[in-house]
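The exercises below ask the reader to work through a single model step by step. Each task is followed by a worked solution.

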Amino acid sequence: MLVQALTRHARRVFGEAIPAVGVPLYADARLYGEHGVPIVMYGAGPRTIAESNAKRPDENLLLEDLRRATVVVACTLRDLIAE
């Protein structure tokens with residue numbers, strides 16, 4: 001339900017399909033996954049780790065992407081609270 005809501009709102013806000021894919025990240029969320037706790041991570045930014053220069057001094061994020069991702073999360077939360 002959460003992933004479906006996120007992808008639905010992301011498509012509407014960004015005007016393109018934002019696929020739900022697994023990507024290995026250096027985030028603490030991986031520790032939960034290692035113990036069987038389901039994880040959904042959603043964030044703003046470039047579509048790939050390479051495009052964002054993740055974990056490097058020149059890591060980047062367009063502020064407009066951050067604004068739009070915030071709208072996606074807010075709309076998703078609204079949906080989940082309404083159910």
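**Exercise 1: Two helices and their packing**

Task: State which helix the buried residues of helix 4 pack against, and work out how the buried residues of helix 4 are arranged about its axis.

Solution. The buried residues of helix 4 pack against helix 1. The model is a predicted one, and among the elements of the chain helix 4 has the highest mean pLDDT, 95, whereas helix 3 (residues 49-52) has the lowest, 79.

Begin with the length: helix 4 has 20 residues and reaches 29 Å from its first C-alpha to its last, close to the 28 Å expected at 1.5 Å a residue. Next, list its buried residues, which are Asp65, Ala69, Val72, Cys75, Thr76 and Asp79. Seen down the axis of helix 4, these buried residues fall within an arc of 125°, and they therefore line one face of the helix. The general geometry is helpful here, because an α-helix has 3.6 residues a turn, so that residues three or four places apart point the same way. Finally, turn to the face of helix 4 directed away from the buried side, which carries the exposed residues Leu63, Arg78, Ile81 and Ala82.

**Exercise 2: The partner helix**

Task: Carry out the corresponding analysis for helix 1, and decide whether its end-to-end distance agrees or disagrees with its number of residues.

Solution. Helix 1 comprises 13 residues (residues 2-14), which at 1.5 Å a residue should span 18 Å, and its end C-alpha atoms are 18 Å apart, so the distance agrees. The buried residues of helix 1 are Ala5, Leu6, His9, Ala10, Val13 and Phe14. Viewed down the axis of helix 1, they fall within an arc of 130°, so they line one face of the helix. Arg11 and Arg12 are exposed and sit on the face of helix 1 turned away from its buried side. The packing can also be read from this side, since the buried residues of helix 1 pack against helix 4 (63-82). Beyond the end of the helix, the residue that follows helix 1 is Gly15, with a positive phi near 75°.

**Exercise 3: The nonpolar core**

Task: Identify the residues of the largest nonpolar core, and determine which element gives the largest share of this core.

Solution. The largest nonpolar core has seven residues, namely Leu6, Ala10, Val13, Phe14, Ile18, Ala69 and Val72. Helix 1 and helix 4 are the elements that give two or more residues to this core, and the largest share, four residues, comes from helix 1. To examine one core member in detail, take Val72 and leave aside its neighbours within four places in sequence: Val72 is then in contact with Leu6, His9, Ala10, Val13, Phe14 and Tyr42.

**Exercise 4: Two aspartates in helix 4**

Task: For Asp65 and Asp79, establish whether each is buried or exposed, and which residues each of them touches.

Solution. Asp65 lies in helix 4, and with a relative accessible area of 10% it is buried, because the cut-off for a buried residue is under 20%. Apart from neighbours within four places in sequence, Asp65 is in contact with Phe14, Ala44 and Gly45.

Asp79 also lies in helix 4, and its relative accessible area of 18% makes Asp79 buried. Not counting residues up to four places away in sequence, Asp79 touches Ala5, Arg8 and His9. With Arg8 there is in addition a polar contact, at 2.6 Å, between the side chain of Asp79 and the side chain of Arg8.

**Exercise 5: The chain as a whole**

Task: Describe the overall make-up of the chain, and then place Val21 within it.

Solution. The chain has four helices and zero strands, which along the sequence gives the pattern α-α-α-α. Along its principal axes, the C-alpha trace spans about 40 × 35 × 15 Å. Of the 83 residues of the chain, 22% count as buried. Among contacts between residues at least 6 apart in sequence, 62% join residues at least 24 apart.

Val21 has its place in the loop between helix 1 and helix 2 (29-33), and Val21 is exposed, with a relative accessible area of 59%. Val21 and Val40 are 19 residues apart in sequence, and their C-alpha atoms are 9.9 Å apart in space.

As for confidence, the mean pLDDT of the chain is 87, and 95% of its residues reach 70 or more.

How values were computed: Residues numbered from 1 in each chain as written. Predicted model: local features only at pLDDT ≥ 70, side-chain atom pairs only at ≥ 80, totals over all residues. Heavy atoms only, no water. Expected span 1.5 Å × (residues − 1). Buried < 20%, exposed > 50% of the residue type's maximum accessible area, 1.4 Å probe, protein only. Arc of directions from axis to C-beta. Contact = heavy atoms within 4.5 Å. Core = buried A, V, L, I, M, F, W, Y, C linked by side-chain atoms within 4.5 Å. pLDDT = per-residue confidence, 0-100. Polar contact = N/O pair within 3.5 Å; in protein donor to acceptor, adjacent residues only side chain to side chain.
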